[in-house]
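Student: I've got a fold to look at and plenty of labels to question. Can we go through them one by one?

Tutor: Sure, let's bring it up.

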Amino acid sequence: MTTTRTDGRTERGNQTRRAILERAVAIASVEGLEGLSLGRLANELAISKSGVFALFGSKEELQLATVRTAIKIYIQHVVQPARDLPVGLARVWCLCRNWLTYSERRVFPGGCFFYSVSAEYDAREGKVHEAVARAHSSWFTLMEQTIDEAKVAGEVRVAVDAAQLAFELIALLEMANAESVLHDNFTCYGRAAAGALSRLRDAATNPLWQPDSP
């Protein structure tokens, strides 16, 4: 009986934590991580502030947990589907397409979570800055590595600078996100997709390369 009660409390605590972080990532994508507070989340979710404090301990720990949760959601929507594809240009394009879809469908209400909080924390110091910077760097590294893998597979020209191409592709994606959020104009996603496809065709060993899906 004691084990059953303990398991029940643990599960309720996990459910509460998930509910708090689900709300936290939504708030942070619109208002930034500084928009989070233990008291605000307690009020919005009708939870005692002491209960929220017991789960996170401080605003900084809440912010860090929010970043970790956003990373998991990002991987689920952007990264994981591309892993099912063989190495090559199709995988690079899948990352681009997934990113645009993730932003356009507003997986986070404020567009790309990391675009928003990177601007908020780029000139700051501390654990939250470091967590955001690591996530941002990991995305650039993944894109560059995926291009390098496509080069090894013979689908990208040897002369192509993978770091430069990754930078240009990500710049197109992030500009689409910024324009859509600022101006509520979603035509920019098509422009970014066209630009990314153009850069990939320029980099391809086969000048007639086309993705299997648009």
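Student: Let's start with charge: how many positive and negative side chains does the protein have, and what makes a side chain count?

Tutor: There are 24 positive and 25 negative side chains, and the centres of the two sets lie 7 Å apart. Lys and Arg count as positive and Asp and Glu as negative, while His and the chain ends are not counted. Each charge is placed at NZ of Lys, CZ of Arg, CG of Asp or CD of Glu.

Tutor: A word on the source: this is a predicted model, where local features need pLDDT of at least 70, side-chain atom pairs count only at pLDDT 80 or more, and totals for chains, interfaces and linings use all residues. Residues are numbered from 1 along each chain as its sequence is written, and side-chain values use heavy atoms, with hydrogens and water left out.

Student: How many helices and strands are there, and what makes a stretch count as one?

Tutor: The protein has nine helices and zero strands. Helices (H or I, at least four residues) and strands (E, at least two) are DSSP runs, numbered from the N terminus.

Student: Ser-29 sits in helix α1, residues 2-31. Why is Ser-29 called buried or exposed?

Tutor: Buried means under 20% relative accessible area, exposed over 50%, and partly exposed in between (1.4 Å probe, protein chains only). Ser-29 has 3%, so Ser-29 is buried. Of the 214 residues of the protein, 41% count as buried.

Student: Which residues is Ser-29 in contact with, leaving aside neighbours within four places in sequence?

Tutor: They are Phe-108, Pro-109, Gly-110, Phe-113 and Ser-116. Contact means heavy atoms within 4.5 Å.

Student: And Val-117 in helix α6: what makes that residue buried or exposed?

Tutor: Its relative accessible area is 0%, so Val-117 is buried. Not counting residues up to four places away in sequence, Val-117 touches Ala-28, Leu-33 and Val-132. Val-117 and Gln-76 are 41 residues apart in sequence and 19 Å apart in space, C-alpha to C-alpha.

Student: What is the volume of the largest pocket, and which residues are closest to its centre?

Tutor: The volume is about 320 Å³. Of the 17 lining residues, Ile-71, Tyr-74, Ala-135, Ser-138 and Trp-139 are the closest to the centre.

Student: Which element gives the largest share of that lining?

Tutor: Helix α7 does, with seven residues.

Definitions and conventions:
On a 1 Å grid over the protein atoms alone, a cavity is a set of points where a 1.4 Å probe fits but cannot get out, and a pocket is an open set with protein on both sides within 12 Å along at least five of seven lines; lining residues have an atom within 4 Å of a point. Grid points are joined across faces, edges and corners, and a volume is the space filled by probe spheres set on the points.
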